[in-house]
Amino acid sequence: MLSDLSLISHGAAAIAFGLLTILVATRYLRRDVDRVLFVAALATTLWAGALVSQSLWGTPGFIPRYIIELLRDGAWITLLFALLRNASRQGTIHGQMKKILGASTFTLIFVLLAFGILEFTLGWEVLNGKTKVLGQIALSLMGLSLVEQIWRNSPNFGRSSIKYICIGIATIFAFDFFMYADALLFGQVSESFWNARGLVNALLVPLFAVNVLNTRRQPVDFQLSRSAVFHAGTLVLGGGYLLFLALGGYYVKILGGDWGDALRVLFLTISLTFLVTLLLSRRIRARLMVRISQNFFDYKYDYREEWLKMTREMANLGDDPPLPIRVIHILSGLVESNAGAIWLRDEQGAYTLKGSVNMAMPRYTMIDADSDLVRLFRQREWIVDLHEYRNDPVSYDLLEIPDAIARTPDAWLVIPLYLDNDLYGIAMVGNPFARVELNWENFDLIKVVARQSCNLLAQADAQHRLSRAMQFEAVSKASSFMVHDLKTVIAQLSLLVKNAPKHKHNPAFIDDMINTTEHAVRKMSNLVDHIRRPDSIADPQLQDIDLAELARSLVNHHSHQRPVPRLTGNLPSAWIQGDYEQLRSVLSHLIQNAQDATPPDGEITLNLKIARGNVVLFIQDSGSGMTEEFINTSLFKPFESTKGLTGMGIGAYQAREYIKQLGGNIDVTSEPGVGSCFSVRIPLAADSDETAPQNTDLPESDNAIRVNSAK
């Protein structure tokens, strides 16, 4: 019994498809395709079981087995139509083509089944054996045609979910086609084809099982490396070459006459030597590997081209465009986009906007260091797809996206930038020109390019810090000359003071004293204008300062120059802590800048607001305004001044640094030709709710100060 290969072959098919039937029936009956697959597997189990029964007990007869085989073929074709219906929902197959295929296929099955049932029940032999074989060949061709239609009309990104089931069904129908075509040619079914048929069907069951698992989002995919394909291809080519040698040796022996055996040995020896030479040739193997990579593996990117493109962009040492803008262009270009933005970590740990391209950014662009997004990126290297996030926030654990990103129209991908394993920055890419399907290859390339770009950004930042330190060192050296000038002024004033008691009634001395004093004031004013309170005060005494009173004092102080600043609204009393002289110098610098940038007939206003434990002083002008690029790259950068030689460019930088020391910040909004608004935010003092005592006998500048006796 065990020597009957047909019994073993079809028995294996019955067991394999029986297990597949149980697997699908118990866990996978959600979709129409799964339910039709269950019917096809059950029909194939019955078909294989009938052949086993016929081998063991001689029953059922030919006609029942023929009808069961028709039912099996009909079930697999029905499964193909279920797949075809899914493809037609995507609009890839015309309805007319689907109708023609369906009508012709099911008509053929119905006719064959009807005549088979008539022959089984009534004994009417309408179709002879050759016609039945032709019918089976027609069904096989119909099945292969349906597989071809499904595969050709399926989108590339959807083929992965149907490739195994298409391969399995195509193999079943292709084997049947060759078997019945051979039977039609030779007048009988080949025993070798018949005995192998069951094992061929059984070996296809794993493909159907893998397809079922993939539909449940438990992907099981088989990947062959280039090395494996190379060695397998070498074996196949070697086998074909040996077959060619055998055929050639046979004809050499026949045609060689008396020398046939010797010529065959000579032919085989030379041919084998040539084969070994080819296999040991590194050039031949390298070319074969390249051919395999080009023709059997499909990557989205030409990595060599992408790397050269990035190298060309990064090799530019200039600032046109700035490096952050170039990084945006590189990252967005990887996914067919031309828009994006980039944030880099500042000294306080927050992430500030360094540049944007073709994006309408919201008013508030800072990302806090303790935001959910920053915490996520510190834990794992994820790329956040905002389209996917909006459709299913649960997949991102209900992550809260910062307003700087969430309120940006056309935002798409949020990419972390790592320096080693530390989050150095965040990049955002806008919507692409056309729909782009992302997979592991896209994400891996984006991560690699992001890390490389981040290294360059960090290197550029370190160079800027070093340059800034060297500039401060230069200022320190230059201060020695300023000290010399100060000593000269002090010497002049000391001489005046020394000679004043003796010559105070001399008119000439009085004139000379006035001239000397005027010269000293002018020289001191120039020095003060060039260095506005450098960071030399290590630990200044903190005072309680009424910012409203200080604002009134500053308005009076700057009222001698047009346009005259004015206060708007009722300024509430707002007590803060800081060094009075330094804070006055900082705010005076901002007002002076507003006057310098505003024409005499323009307008400068000061307003005060209190909210959430902070007081905000708004200094607004109708001057020339500034571009967003200038604000982001130059306004608060030391030693960059728009006043030429009259300024050192450290005023705005020094102002922001001191406000940050107080726990606040300076935000700027501006538009060229319209004006600017500086928002100076400072935390309120802890006891600011107390009413400050007002002493009208103090000078105006002292009314804004309340010395904290607790310190």
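How many helices and how many strands does the chain have? The chain has 22 helices and 13 strands. The model described here is predicted. Of the 711 residues of the chain, 40% count as buried. Among contacts between residues at least 6 apart in sequence, 69% join residues at least 24 apart.

## Aromatic rings

A pair of aromatic rings is described by the distance of the centres and the angle of the planes. The count of aromatic pairs in this model comes to 9. One of them joins F17 and F208, whose ring centres are 6.4 Å apart; the planes stand at 45°, so the pair is tilted. F17 belongs to helix α1 (residues 5-27) and F208 to helix α8 (residues 205-215), so this pair ties together parts that are 191 residues apart in sequence. F17 is buried, because its relative accessible area is 0%, and the cut-off for buried is under 20%. F208 also counts as buried, at 0% relative accessibility.

F208 has a further ring partner, W76, and that pair is stacked, with 4.9 Å from centre to centre and 25° between the planes. W76 sits in helix α3 (residues 62-89) and F208 in helix α8, so that this pair links distant parts of the chain, 132 residues apart. W76 counts as buried as well, with a relative accessibility of 0%. Through these ring pairs, F17, W76 and F208 are linked into a cluster.

Two other rings have a charged side chain over them. R72 lies over the face of W47, at 4.4 Å from the ring centre. In the case of Y66, the charged end of K132 sits over the ring, 5.9 Å from its centre.

## Cysteines

How many disulfides does a search of the whole structure find? The search finds 0 disulfides. Two cysteines can be placed by their accessibility: C166 counts as buried at 4%, and C677 counts as buried at 13%.

## The loop around T408

T408 lies in the loop between α16 (403-406) and β4 (411-419). Is T408 buried or exposed? At 3% relative accessibility, T408 counts as buried. A polar atom of the T408 side chain lies 2.7 Å from the backbone oxygen of A404. Leaving aside neighbours within four places in sequence, T408 is in contact with M359, A360, M361, P362 and M428.

## A five-stranded sheet

Which strands form the open sheet, and in what order? The sheet has 5 strands in the order β7-β9-β10-β12-β11, and its pairing is mixed. The edge strands are β7 (566-567) and β11 (665-671), each of which pairs on one side only. In a regular strand the side chains alternate between the two faces of the sheet.

Three of the strand pairings are set out below.

| Strand pair | Sense | Bridges |
|---|---|---|
| β7 and β9 (residues 604-611) | parallel | 2 bridges |
| β9 and β10 (residues 614-621) | antiparallel | 8 bridges |
| β11 and β12 (residues 675-683) | antiparallel | 7 bridges |

Individual residues show how these strands are matched. R566 has T605 in β9 as its bridge partner. L606 stands opposite I619 in β10. At the other edge of the sheet, the bridge partner of D667 is S679 in β12.

Strands β9 and β10 form a hairpin with 2 residues between the strands, and R612 there takes a positive phi near 55°.

## L684, after strand β12

Where is the place of L684? L684 is in the loop between β12 and β13 (705-706). The C-alpha atoms of L684 and G663 are 9.9 Å apart in space, while the two residues are 21 residues apart in sequence. Leaving aside neighbours within four places in sequence, L684 is in contact with A574, W575, I576, I610, G613, N614 and V615. Among these partners, I610 falls within β9 (residues 604-611), and N614 and V615 fall within β10 (residues 614-621). The loop residue L684 is thus in contact with residues of both strands of the hairpin of β9 and β10.

Note on methods: Residues numbered from 1 in each chain as written. Predicted model: local features only at pLDDT ≥ 70, side-chain atom pairs only at ≥ 80, totals over all residues. Heavy atoms only, no water. Phe/Tyr/Trp six-rings, centres within 6.5 Å; stacked < 30°, edge-to-face > 60°. Helix = DSSP H or I, 4+ residues; strand = E, 2+ residues; numbered from the N terminus. Buried < 20%, exposed > 50% of the residue type's maximum accessible area, 1.4 Å probe, protein only. Lys NZ or Arg CZ within 6 Å of the ring centre and 35° of its normal. Disulfide = S-S within 2.5 Å. Polar contact = N/O pair within 3.5 Å; in protein donor to acceptor, adjacent residues only side chain to side chain. Contact = heavy atoms within 4.5 Å. Pairing = 2+ DSSP bridges.
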